[in-house]
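Hi everyone, thanks for making time. I'd like to walk you through one structure this morning, so let me put it up on the screen.

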Amino acid sequence: MDYLPIFADLKQRSVLVVGGGEVAARKVDLLQRSGAEIRIVAQSLFSELEQQWKQERIIWLGTTFDPCQLDEVFLVIAATNESALNDEVLAAADKRRVLANVVDDQLRCSFIFPSIIDRSPLVVAVSSSGKAPVLARLLREKLEALLPISLGKMADLAGRWRSRVKERLKSINDRRRFWEKTFGGYFCTLVANGQSEQAEQHLEQDLCRFAQGKENTEGEIALVGAGPGDVGLLTLRGLQLMQQADVVLYDHLVNNEILNLVRRDAECICVGKRAGAHSVMQEEINRLMLDLAQRGKRVVRLKGGDPFIFGRGGEEIQVAAEAGIPFQVVPGITAAAGAAAYAGIPLTHRDYAQSVILITGHCFPDEHNVDWAYLARSGQTLAIYMGAMKAAAIRQCLIAHGRVAATPVAVISQGTCADQKVYIGTLQQLEKLAQRAALPALLVIGEVVALHHQIAWFGQDKQPARKSRPAVINLA
Ligand code: SAH
């Protein structure tokens, strides 16, 4: 280890900053966040620092560095662009056994600043020992995304309960098991949802049970939308839950790249639903989901797109509600939003479509509760899920109820994925387009489809817009 990571308590302790520019101001800001008292030596002060000095939040010792200024401080930061002065500060600090940092000059430092993920009181510090700062920063970004903002609140609450838990649970092993259960359980969901009071009640109940030797076996269910395919479209909340899950029940629509993000030790069960025996399968899925949660597992039910849009998510979560199992729902980007965006088709546009209708192909051709005349109106966009097999019926119905046969349509296959294909034509040609498309495919019908030629961007080379593009099959 080239450096020893330590967390310094700087509250009411002084730190000397030599230099008064923007770089110094950034360090002052960071040091103040930890409660340090700042003394500055500088020719002049950058506006923010000057303001702070006027408000007496920092002490300006003068314009010249003097080694005896180090006698009062625990750390020193040299943030000047005078290399000789920085050297002088470091030499003087070493002589007085004060730790010194010369900003952006690792060789002249007796301590360095790590990248920080701040979920105070929980703080994660990352360093590459000055070898690859960009790598450390990238790692920090990853951790930022993975660690929920609510971690700080969680650590705060746990801190307040620490002594009470110690009083009630005498054995260190019991306490460890209690906190492990707590940090992996429903307590976290409640804190993340801002329900601190309920979280504390939950803690109290769990503690009682634990003290009586009865561990809580309550699981929970999270219904999570995985988005339409591109792994980058998964939400942060969804990812965090996938990282905490004991079991993930997923559909066929969820691809491997997304499943690779599930916590390594979690069990992944495919409860895939393909066309056909749906209703039987659905009951089995419900039963499995409940059974796992009742056995104390954190279950993530991972569904393609958004779980509440043609995903039967509503029914699954009704089952959890009826059984009294704690649950939460994390939305996902639905296929219409994702596939249309990646195909360069705005679903609404002031000049072309004032509304968009999401509809399932199952309505066609003979669903009696559908207002066909309304659906066939121009100036609106239809995004039809599960419609590829029904393309002929859809064409017939819409044209019969008045939609113009020349209305532009798109069939977007495997939208947002690397192998997305966009088939463009007219309503009259819908069936032909759909026959070519690999599943899953979304049908988009409406004047907005014409904009595709101008604003298609995904999977396109960087050439200026051309009439025919490799990923587009144009029958128009
Ligand atoms: N809950 C999902 C929809 C499930 S229904 C969502 O919100 O997106 C399944 C249908 O969604 C498919 O038949 C297809 O019409 C559409 N679909 C899902 N993913 C798609 C994708 N990547 N590209 C195109 N269509 C998709």
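Let's begin at Pro121, which sits in the loop between strand E6 (115-119) and strand E7 (122-126). Please keep in mind that what you see is a predicted model. What kind of peptide bond joins Ser120 and Pro121? A cis one, with omega at about 5°.

There is another cis bond further along the chain, between Leu439 and Pro440, and here omega is about 0°. Pro440 also belongs to a loop, the one connecting helix H16 (430-436) with strand E17 (441-445). As a reminder, most peptide bonds are trans.

Now for the backbone phi angles. Most residues other than glycine have a negative phi. Glu56 is not a glycine, yet its phi is positive, about 60°. You'll find Glu56 in the loop between helix H2 (47-54) and strand E3 (59-62). Is Glu56 buried or exposed? It counts as exposed, because its relative accessibility is 72% and the cut-off is over 50%.

Met386 has a positive phi as well, near 50°. Its loop runs between strand E14 (380-385) and helix H15 (391-400). With 39% relative accessibility, Met386 counts as partly exposed.

Let's go inside. In soluble globular proteins, nonpolar side chains tend to be buried together. In this model the largest nonpolar core has 27 residues, and Phe364, Leu375, Leu430 and Ile445 are those with the most contacts inside it. Which elements give two or more residues to this core? They are strand E13 (355-360), helix H14 (372-375), E14, H15, strand E15 (408-413), H16 and E17. Of these, H15 gives the most, five residues.

If you zoom in on Leu375 and set aside neighbours within four places in sequence, you can pick out its contacts: Ile357, Ile359, Phe364, Val370, Gln380, Leu382, Leu398 and Arg403. Apart from this core lies another one, of 21 residues, including Ile117, Ala136, Leu169 and Cys188.

One last stop, and it's a polar residue: Asn86, in helix H3 (residues 83-95). Why does Asn86 count as buried? Because its relative accessible area is 6%, and buried means under 20%. Again leaving out neighbours within four places in sequence, Asn86 is in contact with Ala78, Ala79, Thr80 and Val102.

That's my tour. Thanks for listening, and I'm happy to rotate the view for anyone who wants another look.

Conventions: Residues are numbered from 1 along each chain as its sequence is written. This is a predicted model: local features need pLDDT of at least 70, side-chain atom pairs count only at pLDDT 80 or more; totals for chains, interfaces and linings use all residues. Side-chain values use heavy atoms; hydrogens and water are left out. Helices (H or I, at least four residues) and strands (E, at least two) are DSSP runs, numbered from the N terminus. Buried means under 20% relative accessible area, exposed over 50%, partly exposed in between (1.4 Å probe, protein chains only). A nonpolar core is a set of buried Ala, Val, Leu, Ile, Met, Phe, Trp, Tyr and Cys residues joined through side-chain atoms within 4.5 Å. Contact means heavy atoms within 4.5 Å.
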